[in-house]
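Me: I'd like a close look at one part of this model, the charged side-chain pairs. Can you walk me through them in one go?

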Amino acid sequence: MDGSSSVARGASFLSPGARFTLPNAQDLDEGTNSVQNYTLSPDEHFHLEMQTRGDGSKYPELVLKKALDREQQATHRLVLTAKDGGDPPKSSDVPVIVTVLDTNDNAPEFEHSVYRASILENSPSGTLVVQVHATDLDEGPNGEIRYSFSNTTSADLQRMFFIHPHTGEVTVNGVLAVQRPLLEMLIEARDNGAFGMSSTAKLLVEITDVNNHGPEITITSLSSPIPEDAVPGTVIALLSILDKDPGENGKVTCEIPDNLPFQLKPSLENYYSLPLTKLVSSQQCDG
C-alpha cells in the first residue's frame, strides 16, 4: 500500500458536514487480501466516512464535525490507516495535513477602550497627542489595520487633529481654536479585508490653559460729572471685568486706591458697581 502524505485545505468559515477527498490506498493483492477498511486517528474536528462508488468499490472521505478556527489552530495533523483483510492483516499509514485558510472573522481590537491625553492650548502643529494601537488576529490583508477618525467626530476636531492611518499617532494639526477644556473624539480601526471589520475607541483630550489672556475692563454705565450733593451709596459707574482664560487663570481680583471716596463692590457675576462712600466736594472730584 502507498504511504505518501496527503494535504487538505479548509477555510475557517466552513460549517460542520463539509467533506474532503482522501487518497485511495493501492494493494497489489486481490479479494480479501486487498484493502478492506480505513481508520483515522482521533481528532475533535474530523471523522472518517466511507462512500461507495457505482462499481461497488469504497473510498474514504474526511468529514468536518466541528468548525475550524485558524486563530486557535492553523494546522491539523491526522493519520489515515488502510488495512487489508489478510491473515495476519497488513496496514499502511499516510499523514493527512489539514491547513486552515484565513477568513476575515476577527475585528480589530484596541488596547484600551478610552485613551486620555493632555496638551497645552498653544501646542504647535505636529505635537504628538497620543498613539493608539489595535490588533487583529487575522493574517494578510484581513489583519492589516488602518486608523481614522469616526464620522461621528466633528469636522472642526478632524481639522485640528491628524491621525496617521498606519501608526495610529494623533498629532496637532494647526491652531487649537477651542473654547472648552475637554475634547472628545472617536477613533476607528478597520482592517483591509474584502468586507472590512472595524471597532472604535474614545479619545479624550484635555486642553491645558496657559494664561494667555489679560483681564478686560468694560465700563457699561458712567455718571459724570458727579453732583457735589450726591449722597453716599450713589452708584457712579457699572463695570464689567472678564478674563477669557478658563479655571484659575480666568479668576480676577479687583481693587481701587484706598484714598478715593469710592468703593468697588461686586454685583452680578463679572460685574462691579462703583458707589460713593462719603460726600465729596468739587475739588476732590476734579483731583
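Which residue forms a salt bridge with Asp156, and how far apart are the closest N and O atoms?

Reply: Keep in mind that this is a predicted model. The partner of Asp156 is Arg159, and the closest N and O atoms of that salt bridge are 2.3 Å apart. Both residues belong to helix 1, which covers residues 155–160, and because they are three residues apart there, about one helical turn separates them. As for exposure, Asp156 is partly exposed at a relative accessible area of 46%, while Arg159 comes out at 52% and is exposed, because the cut-off for that label is over 50%.

That pair belongs to a wider set, since the structure holds six salt bridges. General background first: side chains of opposite charge can pair when their charged atoms come close.

Next up is Glu49 with Arg19, whose side chains meet in a salt bridge at 2.8 Å, N to O. Here the pair links distant parts of the chain: Glu49 sits in strand 4 (residues 46–52) and Arg19 in strand 2 (residues 19–21), 30 residues apart. Glu49 has 26% relative accessibility and counts as partly exposed. Arg19 is partly exposed too, with a relative accessible area of 42%. These two also have company, as Arg19, Glu49 and Glu61 are linked in a network of salt bridges.

Then there's Glu188 with Arg190, another salt bridge, where the closest N and O atoms are 3.4 Å apart. Glu188 has a relative accessible area of 19%, so it is buried, given that the cut-off is under 20%. Arg190, on the other hand, is partly exposed at 34% relative accessibility.

For some surroundings, have a look at Leu186, which is found in strand 15 (residues 182–191). Leu186 is partly exposed, with a relative accessible area of 27%. Leaving aside residues up to four places away in sequence, Leu186 touches Ser148, Phe149, Ser150, Thr152, Thr153, Ala201 and Lys202. Take Ser148 from that list: Ser148 and Leu186 are 38 residues apart along the chain, yet their C-alpha atoms are separated by 8.8 Å.

To recap the charged pairs: Asp156 with Arg159, Glu49 with Arg19 and Glu188 with Arg190.

Key:
Residues numbered from 1 in each chain as written. Predicted model: local features only at pLDDT ≥ 70, side-chain atom pairs only at ≥ 80, totals over all residues. Heavy atoms only, no water. Helix = DSSP H or I, 4+ residues; strand = E, 2+ residues; numbered from the N terminus. Buried < 20%, exposed > 50% of the residue type's maximum accessible area, 1.4 Å probe, protein only. Contact = heavy atoms within 4.5 Å. Salt bridge = Lys/Arg side-chain N within 4 Å of Asp/Glu carboxyl O.
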